[in-house]
Amino acid sequence: MAIVNEYRPTEVFFGEGAIKKAGEVGRRFGFRALVVTGRKSAKESGALEKLMRSLSEHGIQGVLYDGVTPNPTDVQVNEGAKLAVDQKVDFIVGLGGGSALDVAKAISIVSSNEGTAWDYVRYPEGSRLTPFLNRPVITIPTTAGTGSEVNRYSVISNPRTKEKMVISHSLNYPRVALVDPELTYTMDERLTALTGFDALVHALESLTNRRENFIAEEYAIRALSLISKWLPVAVEEPQNKEARKWMSYASMLAGIAIDHLGVALIHAMEHPVSGHYPSVAHAEGLSALAPYVTAFNYGSNPEKYALFARLMGEEEKPSRAVDALVKLIERFSLPKTLKELGVEKEKLGRLAEDVYICARNAFSVNPAPAGMDEVLELYERAYEGRL
Ligand SMILES: [Fe+2]
């Protein structure tokens with residue numbers, strides 16, 4: 001049996017009202033915080049006000065960086081890092097969906113080291129970064145999907161090259177995550193479905209890919225059974241607190257699962273889509289790809305795909321994994337093809353090249369062996385809706 005490991009450098013506070021701990025926790029790190037968030041939703045929902053109040057109650061001054069957009073860019077990370085340095089902040093708080101958390105984490109690395117954000121995509125582990133000077137990060141998710149609150153990844157787009165790449169480094173872990181399901185109550189039906197689908201694909205890909213770590217797989221399995229039960233409830237009854245709690249929890253577990261096991265071709269093929277078409281949400285791209293990639297994959301790890309199908313309430317057969325995804329996509333009216341997302345047919349070759357350039361490690365961890373030809377074929381299927 002392979003030797004497996006589990007280590008969490010991120011302390012988690014989980015439960016309704018957890019955001020109110022921000023000030024108390026922040027005092028461990030200092031008196032000035034950079035608060036990283038998006039342009040609108042954290043303000044409109046009242047989450048930003050709650051955070052600022054908690055910080056000021058504990059004598060912490062919050063400096064706001066609210067320039068984060070969906071599919072965030074290296075430019076935003078560099079802007080935030082400059083502000084962190086100029087304003088001499090002691091720590092960083094990320095408040096929002098995956099984008100705000102990813103940017104907050106990356107700002108910590110860039111503001112504490114030389115260079116700019118793009119220098120740190122695919123940066124190797126080693127001693128050249130400054131572990132003791134890195135500004136601590138507190139993550140506060142307002143959606144249930146990303147898992148970024150507990151893992152080492154930041155997904156960053158480069159608007160000049162259209163590349164979308166991942167900073168994956170042990171110094172990119174948040175120090176503390178405040179997971180407060182109450183902050184997700186204001187998500188509408190569509191955002192609930194989309195973010196929940198992202199968490200589902202994290203669990204699916206970590207469970208089925210070629211890496212092995214049975215501890216992390218336990219997290220993925222638990223996440224899937226919770227998502228299967230509670231995502232439909234959360235979508236259909238946005239005020240159901242039980243559903244919101246379990247979706248926040250499932251998303252966090254799936255975030256830990258990918259921290260160990262990574263993802264596979266669904267994610268690797270999605271990143272070029274939203275990299276070239278920034279108006280496409282990450283989970284929309286996942287939805288338009290997942291059934292086709294799963295149909296290609298299930299025969300290469302039949303046991304795990306049968307397990308996935310069972311956890312999703314289907315018959316325990318590998319091929320049922322595809323049915324489970326298709327049903328969920330129909331039920332929540334999520335995108336079914338790349339064509340309906342506005343992807344252009346003549347761009348598919350370029351997208352396949354970008355998988356090779358930006359995420360070719362997915363070729364070796366994907367359940368079924370794949371290369372450029374298979375990826376292009378899968379893009380064509382997902383474009384045409386040909387299962
Ligand atoms: Fe994802």
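Buried means under 20% relative accessible area, exposed means over 50%, and partly exposed lies in between. The exercises below use these cut-offs on a predicted model.

**Exercise 1. Decide whether Y219 is buried, exposed or partly exposed, and place it in the chain.**

Step 1. Take the relative accessibility of Y219, which is 23%.
Step 2. Set it against the cut-offs: buried needs a value under 20%, exposed a value over 50%.
Step 3. Y219 therefore counts as partly exposed.
Step 4. Find its element: Y219 lies in helix 7.
Step 5. List its contacts, leaving aside neighbours within four places in sequence. They are E6, L253, I256 and A257.
Step 6. Add a distance. Y219 and P272 are 53 residues apart in sequence, and their C-alpha atoms are 28 Å apart in space.

**Exercise 2. Do the same for L83.**

Step 1. L83 has a relative accessible area of 24%, so it is partly exposed.
Step 2. Helix 4, residues 74–86, holds L83.
Step 3. Beyond its neighbours within four places in sequence, L83 is in contact with L34, V63, L64, Y65 and K88.
Step 4. V121 is 38 residues from L83 in sequence, and 21 Å from it C-alpha to C-alpha.

**Exercise 3. Find what the radius of gyration says about the chain.**

Step 1. Count the residues: there are 387.
Step 2. A compact globule with 387 residues would have a radius of gyration near 21 Å.
Step 3. The chain has 20 Å, which agrees with a compact globule.
Step 4. Look at the spans. The C-alpha trace covers about 55 × 45 × 45 Å along its principal axes.
Step 5. Look at burial. Buried residues make up 60% of the 387.
Step 6. Look at contacts between residues at least 6 apart in sequence. Of these, 79% join residues at least 24 apart.
Step 7. Add the secondary structure: 15 helices and eight strands.

**Exercise 4. Describe the largest nonpolar core and name the helix that gives the most to it.**

Step 1. Start with a general point: in soluble globular proteins, nonpolar side chains tend to be buried together.
Step 2. The largest nonpolar core here has 69 residues.
Step 3. Pick out the members that touch the most other members: F197, L200, L265, M269, F308, L338 and Y379.
Step 4. Helix 7, residues 214–236, gives the most to this core, with 10 residues.
Step 5. Follow one member. Leaving aside neighbours within four places in sequence, L200 is in contact with L224, I227, F308, M312, L325 and L328.
Step 6. Another core, of 28 residues, lies apart from the largest one. Its members include L34, A81, V89 and C358.

**Exercise 5. Compare N71 and R122 in phi, place and exposure.**

Step 1. N71 is not a glycine, yet has a positive phi of about 50 degrees. R122 is not a glycine either, and its phi is positive at about 55 degrees.
Step 2. Place them. N71 sits in the loop between strand 3 (61–68) and helix 4. R122 sits in the loop between helix 5 (98–112) and strand 5 (137–141).
Step 3. N71 has 10% relative accessibility, so it counts as buried.
Step 4. R122 has a relative accessible area of 47%, so it is partly exposed.

**Exercise 6. Describe the surface and the charges of the chain.**

Step 1. The chain exposes about 15600 Å².
Step 2. Carbon and sulfur atoms supply 51% of that area.
Step 3. Count the charges: 44 positive and 49 negative.
Step 4. The mean positions of the two sets are 3 Å apart.

Methods
Residues numbered from 1 in each chain as written. Predicted model: local features only at pLDDT ≥ 70, side-chain atom pairs only at ≥ 80, totals over all residues. Heavy atoms only, no water. Helix = DSSP H or I, 4+ residues; strand = E, 2+ residues; numbered from the N terminus. Rg over C-alpha atoms; globule rule 2.2 N^0.38 Å. Buried < 20%, exposed > 50% of the residue type's maximum accessible area, 1.4 Å probe, protein only. Contact = heavy atoms within 4.5 Å. Areas by Shrake-Rupley, 256 points an atom, 1.4 Å probe, with all protein chains shown as cover. Lys, Arg positive; Asp, Glu negative; His and termini not counted. Charge placed at Lys NZ, Arg CZ, Asp CG, Glu CD. Core = buried A, V, L, I, M, F, W, Y, C linked by side-chain atoms within 4.5 Å.
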